[in-house]
Amino acid sequence: MNYYNGWMKKDSVKDYNVTKRFKGTADFTKERNVWCLRVTDTETKKVVEKIEAQARDVDTAIARAKDMAREWEKGDE
């Protein structure tokens, strides 16, 4: 895991069901004790959606971020 500006960052694992246009990542904020889920457009390198959510572990947070990326993929088609 990488630390960036006080965030403990865990990138989403390779998932063959999600295309490469949108990528879901999960970051844990120690200060607020919540997960920050982000969906990034890989073509423009911009965050298109960002929410804070409770999750019991990193795997659950990554699964939610991937689901968000899948929803963006469906909307992009």
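**View 1. Asp27 and its partner across the hairpin.** Asp27 is a residue of strand β3, and this predicted model places it among the buried residues, with a relative accessibility of 2%. A good place to start is its side chain, which makes a polar contact of 3.4 Å with the side chain of Arg38. The two residues also form a salt bridge, in which the closest N and O atoms are 3.4 Å apart. Arg38 belongs to strand β4 and Asp27 to strand β3, so this pair ties together parts of the chain that are 11 residues apart in sequence.

**View 2. Strand β3 and the hairpin with β4.** Here we step back to take in the strand that carries Asp27. Is β3 enclosed or open? Seven of its eight residues are buried, so the strand is largely enclosed by the rest of the structure. β3 pairs with strand β4 (residues 34-41) in the antiparallel sense, over eight bridges. Within this pairing, Lys23 stands opposite Thr40 of β4. The two strands form a hairpin with four residues between them. If you check backbone angles, look at Asn33 in the turn, which has a positive phi of about 60°. When you follow the side chains along the strands, keep in mind that in a regular strand they alternate between the two faces of the sheet.

**View 3. The start of β4 around Val34.** Val34 lies in strand β4 and counts as buried at 11% relative accessibility. Which residues does Val34 touch, leaving aside those up to four places away in sequence? They are Asp27, Phe28, Thr29, Glu52, Ala53 and Gln54. Asp27, met in the opening view, is a residue of β3, and Glu52 is in strand β5. Ala61 makes a useful reference point as well: Val34 and Ala61 are 27 residues apart in sequence, and their C-alpha atoms are 9.9 Å apart in space.

**View 4. Glu52 and Arg32, a salt bridge from strand to loop.** Glu52 forms a salt bridge with Arg32, and the closest N and O atoms are 2.6 Å apart. Glu52 sits in strand β5, while Arg32 is in the loop between β3 and β4, so the pair ties together parts that are 20 residues apart in sequence. Are these two residues buried, exposed or in between? Glu52 is partly exposed, with a relative accessible area of 46%, and Arg32 is partly exposed too, at 44%.

**View 5. Arg21, Asp41 and Glu43, a network of charges.** The view now moves to another group of salt bridges, in which Arg21, Asp41 and Glu43 are linked in a network. One of its links joins Arg21 and Glu43, with the closest N and O atoms 3.5 Å apart. This pair connects distant parts of the chain: Arg21 is in the loop between β2 (7-10) and β3, and Glu43 is in the loop between β4 and β5 (46-53), 22 residues apart. Arg21 counts as partly exposed at 23% relative accessibility, whereas Glu43 counts as exposed at 60%. How many salt bridges does the model contain? The count comes to six.

**View 6. Phe22 and Trp72, where strand meets helix.** The model has two aromatic pairs. Phe22 and Trp72 form one that is tilted, with 5.7 Å from centre to centre and 40° between the planes. It links distant parts of the chain, Phe22 in strand β3 (residues 22-29) and Trp72 in helix α1 (residues 58-76), 50 residues apart. Why is this geometry called tilted? The angle of 40° falls between the cut-offs, because planes under 30 degrees apart count as stacked and those over 60 as edge-to-face. Phe22 counts as buried at 5% relative accessibility, while Trp72 is partly exposed, with a relative accessible area of 32%.

**View 7. The whole chain, for orientation.** Finally, here is the setting for the close-ups. The chain has one helix and five strands, which follow the pattern β-β-β-β-β-α along the sequence. Of its 77 residues, 34% are buried. Among contacts with a separation of 6 or more, 34% are between residues 24 or more positions apart. The accessible surface comes to about 5,500 Å², and 48% of it belongs to carbon and sulfur atoms.

Conventions
Residues numbered from 1 in each chain as written. Predicted model: local features only at pLDDT ≥ 70, side-chain atom pairs only at ≥ 80, totals over all residues. Heavy atoms only, no water. Phe/Tyr/Trp six-rings, centres within 6.5 Å; stacked < 30°, edge-to-face > 60°. Buried < 20%, exposed > 50% of the residue type's maximum accessible area, 1.4 Å probe, protein only. Polar contact = N/O pair within 3.5 Å; in protein donor to acceptor, adjacent residues only side chain to side chain. Pairing = 2+ DSSP bridges. Contact = heavy atoms within 4.5 Å. Areas by Shrake-Rupley, 256 points an atom, 1.4 Å probe, with all protein chains shown as cover. Salt bridge = Lys/Arg side-chain N within 4 Å of Asp/Glu carboxyl O.
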